[in-house]
Amino acid sequence: MTGFDAFPYDNGELICEGTPLSRIARRAGTPCYVYSRRAVRDRYHRLESAFANVDPLICYSLKANDNLSLLRILQEEGSGFDVVSGGELFRLRQIGADPARIVFSGVGKTVQEMEMALEWGLFSINVESRQELETLARVSRRMGREARVAIRINPDVDARTHPYIATGLHRHKFGVETGQIDDLLKIVEDSAEIRLVGLGYHIGSQILDVQPFLDAFGKLREWADRVRDRGFPLEHLDLGGGLGISYQGETGPDLQRYAEALAQPGDGYRIVMEPGRYLVGNSGVLLTRVLYRKTNRGKVFLVVDAAMNDLLRPSLYGARHQILPVRSGRSRIQADVVGPVCESGDFLARGQQVPDARPGDLLAVMSAGAYGFVLSSNYNSRRRAAEILVDGEGWRTIRVRESYDDLIRGESVP
Ligand code: LLP
């Protein structure tokens, strides 16, 4: 599995579910994100069958890509959801998601977000600090609502991924240090409304090695047993997200080993997972057109119509996405693929092997389905891109390209 199975070449043309990407670009314009419905569904089923032995509650993490149409696809496959904000909850309301399959993560929930969560009666609110739990206890008492709570622990495990997306060590802001769990249990004991139902972790993202997961799970189980022994009837263990995908042909973590480790007998804990990238990352590409080809002292730059405001990952994490020609035939060169934004940090590829493209050529930035559009901005007053969903024979726009009016909505001329 290269990661690009959803976007193969057919007669020298990059296609998605039979539709040539060049046709979509001609009609929808560029830059645009293109997603494959079939790929999203395949990934969901692949995950489901890899962990079939523990029959997990899969809660897709909206932050990876929160387009309503993608949420609907996953909902139809039976997925639950993981949110981190009132805005994400609002999105789930639009598709009529089942609150009994929603977990609310995040290190800084506001009172207003807690109220939304309690009104809706979510499966679990994952708390990350003593003060947050105290606040939740207060809010739930005032509302007279029960809060189903899981404590996210900080297992102090090194996920061996990019430092910005590693979250499992003590130096990170996430989770409750295990030495403080007892303090939180006291708050639970003192509150009639708080019901402790789970314990969880999320150690980072784009993790390719299974070992950090196994280490974190070992620690989580130990703590879960201790908490149970203290008389708290825990129901579930939440493993967060983090499963890595292929950007350059890497192989992801060994899911079979992970699944086997989870299935140790005698537990009786329900397993919850919060995958984001795994489900949508390889299911989408960013299509962009080459505007100019220039050289500075022999260094080649392809100036394209997408920029860091459309896909931030290369600028923010030095992430390397493969860049393929939509029509094959060009040789490859080492070049920078850059956008029109006025920053030297505005690049989609730096010093990578890319197609030796000419103005007018279409390029596909691969594996852009996760943390692509959601991280986009209006920097330089650039309109955010259109999003397209390919579904079998047809395709449709699932988010229109922003207009200039969209750019100034909420502003006025003084
Ligand atoms: N659960 C929690 C609590 C999370 O913080 C995250 C991601 C996930 C689940 C989903 O993780 P995934 O399965 O997608 O790895 N913008 C970065 C990734 C940030 C991840 C943040 N948390 C990137 O583009 O690589």
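Is Y33 buried or exposed? With a relative accessibility of 0%, Y33 counts as buried. The model examined here is predicted, and this report concerns its aromatic side chains.

## The Y33 and F373 pair

The structure contains 5 aromatic pairs. One of them joins Y33 and F373 in an edge-to-face arrangement, with 6.1 Å from centre to centre and 85 degrees between the planes. Y33 belongs to strand 4 (residues 32-36), whereas F373 lies in the loop between strand 19 (362-365) and strand 20 (386-391). The pair therefore ties together parts of the chain that are 340 residues apart in sequence.

F373, like Y33, is buried: its relative accessible area is 7%, and that of Y33 is 0%. Ring pairs also link Y33, Y35 and F373 into a cluster.

## The Y164 and Y317 pair

Y164 and Y317 also form a pair. Their ring centres are 6.3 Å apart and their planes stand at 75 degrees, so this pair is edge-to-face. Y164 is located in the loop between strand 9 (147-154) and strand 10 (176-177), and Y317 is in helix 11 (residues 313-317). Because of these positions, the pair ties together parts that are 153 residues apart in sequence.

Y164 counts as exposed, at 57% relative accessibility, because the limit for that class is over 50%.

## Charges over aromatic rings

Two phenylalanine rings have a basic side chain over them. The charged end of K109 sits over the ring of F104, at 5.7 Å from the ring's centre. R148 lies over the face of F123, and its distance from the ring centre is 5.0 Å.

Definitions and conventions
Residues numbered from 1 in each chain as written. Predicted model: local features only at pLDDT ≥ 70, side-chain atom pairs only at ≥ 80, totals over all residues. Heavy atoms only, no water. Phe/Tyr/Trp six-rings, centres within 6.5 Å; stacked < 30°, edge-to-face > 60°. Helix = DSSP H or I, 4+ residues; strand = E, 2+ residues; numbered from the N terminus. Buried < 20%, exposed > 50% of the residue type's maximum accessible area, 1.4 Å probe, protein only. Lys NZ or Arg CZ within 6 Å of the ring centre and 35° of its normal.
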